[in-house]
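Open the model in your viewer and keep the selection tool ready. We will go from stop to stop, picking residues and seeing what is there.

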Amino acid sequence: AAFDLPCPAPEGGMFCWLPLPAGMGGAETARELLRSRIATIPESAFHAGGGPDRHLRLCFTGMAEPAMAEGLAGLAEVLRRRAA
């Protein structure tokens with residue numbers, strides 16, 4: 001499945017929020033990514049007692065560019081698999 005995920009360029013900080021396709025929950029996606037050795041944090045983790053779960057928080061610091069590219073390729077593969 002093909003889809004576009006708009007991820008705005010961060011203006012600072014260490015993290016960005018990746019919006020997920022409709023119907024794809026952040027917590028389930030984060031668990032699957034972790035099985036592929038890709039760590040993210042689902043939006044729902046930031047809401048006491050539950051809340052929206054439509055984004056993943058991604059860290060873009062402290063990682064060499066080749067490792068980041070590998071992680072993003074793995075993230076894209078998991079998202080394609082989940083969207084299929």
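Remember as you go that this is a predicted model.

**Stop 1: an aromatic pair**

Select Phe46. Is Phe46 buried, partly exposed or exposed? Its relative accessibility is 40%, so Phe46 counts as partly exposed: the value falls between the 20% limit for buried and the 50% limit for exposed.

Now add Trp17. Trp17 is also in between, because its relative accessible area is 37%.

Look at the two rings. A search of the whole structure finds 1 aromatic pair. Trp17 and Phe46 form an aromatic pair with edge-to-face geometry. The ring centres are 5.3 Å apart, and the planes meet at 80°. Trace the chain from one ring to the other. Trp17 sits in strand β1, residues 15-19. Phe46 sits in the loop between β2 and β3. They are 29 residues apart, so the pair links distant parts of the chain.

**Stop 2: a nonpolar patch**

Keep both residues and add Ile41. You will find Ile41 in strand β2, which covers residues 41-42. Ile41 is partly exposed, because its relative accessibility is 32%. Switch on the surface. Trp17, Ile41 and Phe46 make up a nonpolar patch there. Together they have about 270 Å² of accessible area.

**Stop 3: a charge over a ring**

Clear the selection. Pick Phe15 and Arg57. What lies over the face of Phe15? The answer is Arg57, at 3.5 Å from the ring centre.

**Stop 4: two cysteines**

Select Cys16 and Cys59. A disulfide is a covalent bond between the sulfur atoms of two cysteines. How many disulfides does a search of the whole structure find? The count is 0. Cys59 is in no disulfide, and its nearest cysteine sulfur, that of Cys16, is 8.9 Å away. The sulfur atoms would have to lie within 2.5 Å to count as a disulfide.

Compare how each cysteine is covered. Cys16 counts as buried because its relative accessibility is 14%. Cys59 is partly exposed, with a relative accessible area of 39%.

**Stop 5: a bridge between helices**

Now for the charged residues. The structure has 5 salt bridges. Select Arg81 and Glu32. They form a salt bridge, with the closest N and O atoms 3.2 Å apart. Follow the backbone between them. Arg81 belongs to helix α2, residues 65-83. Glu32 belongs to helix α1, residues 26-35. The two are 49 residues apart, and their pairing links distant parts of the chain.

Which end of this bridge is buried? Glu32 is, because its relative accessibility is 13%. Arg81 is partly exposed, with a relative accessible area of 43%.

**Stop 6: along helix α2**

Stay on Arg81 and add Glu77. These two form a salt bridge as well, with 3.9 Å between the closest N and O atoms. Both are in helix α2, 4 residues apart, so about one helical turn separates them.

Add Arg80. Glu77 also forms a salt bridge with Arg80, the closest N and O atoms being 4.0 Å apart. This pair lies in helix α2 too, 3 residues apart, again about one turn. Glu77 is partly exposed at 38% relative accessibility, and Arg80 is partly exposed at 41%.

Finish by selecting Glu28, Glu32, Glu77, Arg80, Arg81 and Arg82. Salt bridges that share partners join these six residues into one network.

How values were computed:
Residues are numbered from 1 along each chain as its sequence is written. This is a predicted model: local features need pLDDT of at least 70, side-chain atom pairs count only at pLDDT 80 or more; totals for chains, interfaces and linings use all residues. Side-chain values use heavy atoms; hydrogens and water are left out. Patches are made of residues with over 30% relative accessible area and no salt bridge: like charges are joined within 9 Å, nonpolar side chains (Val, Leu, Ile, Met, Phe, Trp, Tyr) within 5 Å. Accessible areas come from the Shrake-Rupley method with a 1.4 Å probe; for residues, only the protein chains shown count as cover. A salt bridge is a side-chain nitrogen of Lys or Arg within 4 Å of a carboxyl oxygen of Asp or Glu. Buried means under 20% relative accessible area, exposed over 50%, partly exposed in between (1.4 Å probe, protein chains only). Rings of Phe, Tyr and Trp (its six-membered ring) pair if their centres lie within 6.5 Å; planes under 30 degrees apart count as stacked, over 60 as edge-to-face and the rest as tilted. A charge sits over a ring if NZ of Lys or CZ of Arg is within 6 Å of the ring centre and within 35 degrees of the ring normal.
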